[in-house]
Amino acid sequence: MKIGILTSGGDCPGLNAVIRGIVLKGIKSYGHEFVGFRDGWRGVVEGDVMDLPRQMVRGISKQGGTILGTSRTNPFEGNGGPEVIKANMERLGVDALIAIGGEGTLAAARRLTDAGLKIVGVPKTVDNDLDATDYTFGFDTAVQIATEAIDRLRTTGESHHRCMIAEVMGRHVGWIALHAGMATGAHAVLIPEQKTSMDQIVEWVKEAHDRGRAPLVVVAEGFVPDHQDSAHSERGLDTFGRPRLGGIGEQLAPEIEARTGIETRATILGHIQRGGVPSSFDRVLATRLGMAAVDSVVEERWGTMVALKGTEIEHVPFEAALGNLKTVPQHRYEEAAILFG
């Protein structure tokens, strides 16, 4: 078979390891041929491909980003659509697609599968918010990067007796904030799943300060204080019509300082969490998912994605991954909240 690979949506540590796992398993076990579509669905719609022989994937598992490029192209808009994509695949001799991406990518893959295309998926999101898999690659790396950055913030906070706020990624869920906050000993972790009052935040900050500590607050970008109706956004909408988040930390800092009298600084970690080399955990997980995706193609499991369940890789339908966010459960937040203040 000739199999096409695409990476779509936001970049993420581990994408190249997936590509490598797919190509090596496909060539060594099945003798398949591979091409990569450049820049996600754009390459599929426009028929823009590159060959992926074995030498092209040599040593790439340790590289961040994606050698194929990515974009947030909607394959159903503009000159796209199932018939255009099907015609491109036939012209290029591509028998099936492996789509690597998050909820938007998998939703598009599902619609195209319903239209008769042969597609399997590999889940990708640093937020770890896909319900059908226990972990997604990129999450472990993002948490590690956030942890290292917050450790650095803490030293300057302690030197100046300041309250430090670290804003991390997490549009709808607080997994990165929860894990990084627990790892760094944060005195408060603020996540989208939990409406928290300014009074409570201030109380935690004061408790830490009264013990002689420099208070540390970790906040997810999608956190909504209980006096607000929606997440903080001042940069308009993205290509999918969603508000561009970022800045809640800078909104909280002057409020905390005014209420406590403690000098407060906020730092937004932003895209640094998605960059650089993937952790060893993410390299292994991404490689295993890529190898399993080739098995999905061989077994003609169209409309499914590979997922981590416990320590095993399973095949689940796209429907299982779509529509249900994997949010932080109440008991996990309460477990962490014992350490606040």
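Tutor: Two strands are said to pair if DSSP finds at least two bridges between them. Keep that in mind as we look at this predicted model. Leu237 stands opposite Pro243, which belongs to strand E10.

Student: What makes E9 and strand E10 a pair, and in which sense do they run?

Tutor: DSSP has to find at least two bridges, and E9 and E10 (residues 243-245) share two bridges. The requirement is therefore met, and the pairing is antiparallel.

Student: How do you know whether strand E9 is buried or lies in the open?

Tutor: A buried residue has under 20% relative accessible area. Strand E9 covers residues 233-237, and of these five the number buried is zero, so the strand lies largely in the open.

Student: Now to a helix. Why is H6 called mostly covered?

Tutor: H6 spans residues 175-184, and seven of its ten residues are buried. These are Trp175, Ile176, Ala177, Leu178, Ala180, Gly181 and Thr184.

Student: What covers the buried residues of H6?

Tutor: Several elements do, and contact here means heavy atoms within 4.5 Å. The cover includes helices H5 (139-160) and H11 (330-337), along with strands E6 (163-168), E7 (188-190) and E8 (216-220). Right after H6 comes Gly185, with a positive phi near 70 degrees.

Student: What makes the contact between Arg42 and Glu46 a salt bridge?

Tutor: The rule asks for a side-chain nitrogen of Lys or Arg within 4 Å of a carboxyl oxygen of Asp or Glu. For Arg42 and Glu46 the closest N and O atoms are 2.6 Å apart, so by that cut-off the pair qualifies. Both residues lie in helix H2 (residues 41-46), four residues apart, about one turn of the helix.

Student: Why does a spacing of three or four places suit an α-helix?

Tutor: An α-helix has 3.6 residues a turn, so residues with that spacing point the same way. Helix H5 offers another case, with Glu148 and Arg152 four residues apart. Their side chains form a salt bridge at 3.0 Å, N to O.

Student: How do you know whether Glu148 is buried, partly exposed or exposed?

Tutor: Partly exposed lies between 20% and 50%. Glu148 has a relative accessible area of 42%, so it is partly exposed. Its partner Arg152 reaches 57%, and because exposed means over 50%, Arg152 counts as exposed.

Student: Which residues are linked with Arg42 in a network of salt bridges?

Tutor: Arg42 is linked with Arg38, Asp39, Glu46 and Asp48. One of the links joins Arg42 to Asp39 at 3.1 Å, N to O. Asp39 is partly exposed, because its relative accessibility is 26%. By the rule we used, the count comes to 16 salt bridges.

Student: Why is Glu103 called partly exposed?

Tutor: Its relative accessible area is 35%, so Glu103 sits in that middle class. Glu103 is found in helix H4 (residues 103-114). Not counting residues up to four places away in sequence, Glu103 touches Leu130, Leu322, Gly323 and Leu325. An unreviewed UniProt entry places the feature "binding site" at Glu103, and such annotations may be inferred rather than shown by experiment.

Student: Finally, what makes Ile338 exposed?

Tutor: The cut-off is over 50%, and Ile338 has a relative accessible area of 71%, so Ile338 passes it. Ile338 is placed in the segment after H11. Together with Met182 and Leu339, Ile338 makes a nonpolar surface patch of about 320 Å².

Conventions: Residues numbered from 1 in each chain as written. Predicted model: local features only at pLDDT ≥ 70, side-chain atom pairs only at ≥ 80, totals over all residues. Heavy atoms only, no water. Buried < 20%, exposed > 50% of the residue type's maximum accessible area, 1.4 Å probe, protein only. Patch = residues over 30% accessible without salt bridge, like charges linked within 9 Å, V, L, I, M, F, W, Y side chains within 5 Å. Areas by Shrake-Rupley, 256 points an atom, 1.4 Å probe, with all protein chains shown as cover.
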